[in-house]
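Hi there,

I'm passing along the structure we talked about, and below it I've written up what turned up when I went through it. Have a look at it first, then read on.

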2 protein chains.
Amino acid sequence: MRIRSGDAVALGPGKVDLLEAVREYGSISAAARSLDMSYRRAWLLIDELNRSLKAPATHSEQGGQSGGGCTLTEVGETIIRLYRDVEEEAQRSCAKQIAELTRLIR
Amino acid sequence: MRIRSGDAVALGPGKVDLLEAVREYGSISAAARSLDMSYRRAWLLIDELNRSLKAPATHSEQGGQSGGGCTLTEVGETIIRLYRDVEEEAQRSCAKQIAELTRLIR
């Protein structure tokens, strides 16, 4: 599920997975490693996300780009909760079509 | 919405957008151009999709990699229909959470 801001995708599964990894590992670099993603890509995704929000989803301590800790704000926690709610509800309400799609896959 | 095959993502919004573009433009190269994607990336996505399916979603005429025409099979059409159905249904059943998420975005 993609949440759009105008034409741009503000929020999708990649960013939400990354937020969860930041919450779990406490830094962007460790989160990136856990997702097998470059630090640069993770940093850019977080930066893009925060810029698209009214209030940021993360709070970086100390060095920022140089790799200090990173924690989630209330907004970050809310985004994860709502996004995972949407996924669960969508799986439930679309179970029939999802089963049909899955049947096409090896 | 991602449709998984084991741990891998067999189907997500990128591949479905690409299938729709192939249907509209009649070749992988024109579809890639319309999505501002490299021909190589589009070809790899289509190849990955077809390999993950029991029967392929596209049929390439003539040259394949060299850029002949590409049309959708019945399976390709079915994938687009089911996937867009899922998106519509999910938007409906998750309208409240989606509105909350959208409110966080600038």
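Please keep in mind that this is a predicted model. Let me begin where the two chains meet: across the interface of chain A and chain B, 11 residue pairs are in polar contact, counting pairs with both residues at pLDDT 80 or more. Which elements of chain A give two or more residues to the side that touches chain B? They are the strands β1 (3-5) and β2 (8-11), together with the helices α1 (13-25), α3 (39-52), α4 (74-93) and α5 (95-104). Of these, α4(A) gives the most, with 11 residues. By character, the residues on that side of chain A divide into 17 nonpolar, eight polar and 10 charged.

As for the extent of the interface, 35 residues of chain A are in contact with 35 residues of chain B. The area buried between chain A and chain B comes to about 3,200 Å², and carbon and sulfur atoms give 68% of that. Three residues are worth finding on your screen: L101(A), L104(A) and I105(A) supply 20% of the area that chain A buries against chain B, more than any other three residues.

There are charged pairs here too, with a count of two salt bridges between chain A and chain B. One of them links R2(A) to D17(B), where the closest N and O atoms are 3.6 Å apart.

Next, the start of chain A. Strands β1(A) and β2(A) pair in the antiparallel sense, over three bridges. Within this pairing, S5(A) stands opposite A8(A), a residue of β2(A). The two strands form a hairpin with two residues between them, and G6(A) in the turn has a positive phi of about 65 degrees.

One last spot to look at is S27(A), in the loop between α1 and α2 (28-34) of chain A. Is S27(A) buried or exposed? It counts as buried because its relative accessible area is 11%, and the cut-off for buried is under 20%. The side chain of S27(A) is joined to that of S29(A) by a polar contact of 3.3 Å. Setting aside neighbours within four places in sequence, S27(A) is in contact with V22(A), G68(A), G69(A) and C70(A).

If you open the model, you could start with the helix α4(A), which gives 11 residues to the side of chain A that touches chain B, and then go on to the salt bridge between R2(A) and D17(B).

Best wishes

Definitions and conventions:
Residues are numbered from 1 along each chain as its sequence is written. Chains are lettered from A and ligands numbered from 1 in the order in which they are written. This is a predicted model: local features need pLDDT of at least 70, side-chain atom pairs count only at pLDDT 80 or more; totals for chains, interfaces and linings use all residues. Side-chain values use heavy atoms; hydrogens and water are left out. Contact means heavy atoms within 4.5 Å. Buried area is the accessible area (1.4 Å probe) that two parts lose on being put together, summed over both. A salt bridge is a side-chain nitrogen of Lys or Arg within 4 Å of a carboxyl oxygen of Asp or Glu. A polar contact is a pair of N or O atoms within 3.5 Å; within protein, one must be able to donate a hydrogen and the other to accept it, and residues adjacent in sequence count only if both atoms are side-chain atoms. Helices (H or I, at least four residues) and strands (E, at least two) are DSSP runs, numbered from the N terminus. Ala, Val, Leu, Ile, Met, Phe, Trp, Tyr, Cys and Pro count as nonpolar, Asp, Glu, Lys and Arg as charged, and the others, Gly among them, as polar. Two strands pair if DSSP finds at least two bridges between them. Buried means under 20% relative accessible area, exposed over 50%, partly exposed in between (1.4 Å probe, protein chains only).
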